[in-house]
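Colleague: I'm new to this one and would like a quick tour. Can we put it on screen and go through it together?

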Amino acid sequence: MNKGELVDKVAEKANVTKKQADAVLTAAIDSIMEAVSSGDKVTLVGFGSFEPRERKEREGRNPKTGEAMQIPATKVPAFSAGKLFKEMVGK
């Protein structure tokens, strides 16, 4: 499912126009990205949590040459599914 299909589904379920559903979905996604990028954790009960995680510096290998190289430390976004979400997928 892509964003357009998700907007259609949200509009249908919420009984709003596609334009309104797109505006709300875009605002929600933007808000989550802003919060996580500023270091906050966003929890949607039953769905899951979005949070920034630190990756330590580590050694890797260049796949072309096999040469060892250092991969620098970085911050990455992470998602952890909630209990209800995990149960729905597991059925």
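Colleague: Let me start with a ring. Is F47 buried or partly exposed?

Modeller: Before I answer, keep in mind that this is a predicted model. F47 is partly exposed, with a relative accessible area of 37%.

Colleague: Okay. How many aromatic pairs does a search of the whole structure find?

Modeller: The search turns up 5 aromatic pairs. One of them is F47 with F50, a tilted pair with 6.4 Å from centre to centre and 35° between the planes.

Colleague: And F50, is that buried or partly exposed?

Modeller: F50 counts as partly exposed, at 21% relative accessibility. The cut-off for buried is under 20%, so F50 with its 21% doesn't meet it.

Colleague: What about F50 and F79, why is that pair called tilted?

Modeller: Their ring centres are 4.9 Å apart and the planes sit at 45°, so the pair is tilted. Stacked would need planes under 30 degrees apart and edge-to-face over 60, so 45° falls in the tilted class.

Colleague: Which parts of the chain does that pair tie together?

Modeller: F50 is in strand 2, residues 48-55, and F79 is in strand 5, residues 74-81, so the pair ties together parts that are 29 residues apart in sequence. F79 itself is partly exposed, at a relative accessible area of 34%.

Colleague: Which residues do the ring pairs link into a cluster?

Modeller: That cluster consists of F47, F50, F79 and F85.

Colleague: Let's switch to the strands. How many bridges join strand 2 to strand 5?

Modeller: There are 8 bridges between strand 2 and strand 5, and the two run antiparallel. As an example of who faces whom, E54 stands opposite K75 in strand 5. You can also look at F79 and S49: they are 30 residues apart along the chain, yet their C-alpha atoms are separated by 5.6 Å.

Colleague: And how many bridges join strand 1 to strand 2?

Modeller: 3 bridges join them, and that pairing is antiparallel too, with strand 1 covering residues 42-44. T43 has S49 in strand 2 as its bridge partner.

Colleague: What does G46 do in the hairpin of strand 1 and strand 2?

Modeller: The hairpin has 3 residues between the strands, and G46 takes a positive phi near 90° there.

Colleague: New topic, charges. How many salt bridges does the structure hold?

Modeller: It holds 3 salt bridges. Side chains of opposite charge can pair when their charged atoms come close. D22 and K3 form one of them, with their closest N and O atoms 3.7 Å apart.

Colleague: Where do D22 and K3 lie?

Modeller: D22 lies in helix 2, residues 18-37, and K3 in helix 1, residues 3-14, so this salt bridge ties together parts 19 residues apart in sequence. D22 is partly exposed at 33% relative accessibility, and K3 is partly exposed with a relative accessible area of 40%.

Colleague: Which residue meets K18 in a salt bridge?

Modeller: That's D8, at 3.5 Å from N to O. The pair again links distant parts of the chain, with K18 in helix 2 and D8 in helix 1, 10 residues apart. K18 counts as exposed at 52% relative accessibility, while D8 counts as partly exposed at 34%.

Colleague: And what does R53 pair with?

Modeller: R53 forms a salt bridge with E51, where the closest N and O atoms are 3.2 Å apart. R53 counts as partly exposed, at 38% relative accessibility.

Colleague: Last thing, pockets. What volume does the largest pocket have?

Modeller: The largest pocket has a volume of about 330 Å³.

Colleague: Which residues line the largest pocket?

Modeller: The lining is L25, A28, I29, I32, M33, L44, F47 and F50. Helix 2 gives the most to that lining, with 5 residues. You'll recognise F47 and F50 there as the tilted aromatic pair from before.

Colleague: How many nonpolar, polar and charged residues does the lining have?

Modeller: By class, there are 8 nonpolar residues, no polar ones and no charged ones in the lining of the largest pocket.

Note on methods:
Residues are numbered from 1 along each chain as its sequence is written. This is a predicted model: local features need pLDDT of at least 70, side-chain atom pairs count only at pLDDT 80 or more; totals for chains, interfaces and linings use all residues. Side-chain values use heavy atoms; hydrogens and water are left out. Rings of Phe, Tyr and Trp (its six-membered ring) pair if their centres lie within 6.5 Å; planes under 30 degrees apart count as stacked, over 60 as edge-to-face and the rest as tilted. Buried means under 20% relative accessible area, exposed over 50%, partly exposed in between (1.4 Å probe, protein chains only). Helices (H or I, at least four residues) and strands (E, at least two) are DSSP runs, numbered from the N terminus. Two strands pair if DSSP finds at least two bridges between them. A salt bridge is a side-chain nitrogen of Lys or Arg within 4 Å of a carboxyl oxygen of Asp or Glu. On a 1 Å grid over the protein atoms alone, a cavity is a set of points where a 1.4 Å probe fits but cannot get out, and a pocket is an open set with protein on both sides within 12 Å along at least five of seven lines; lining residues have an atom within 4 Å of a point. Grid points are joined across faces, edges and corners, and a volume is the space filled by probe spheres set on the points. Ala, Val, Leu, Ile, Met, Phe, Trp, Tyr, Cys and Pro count as nonpolar, Asp, Glu, Lys and Arg as charged, and the others, Gly among them, as polar.
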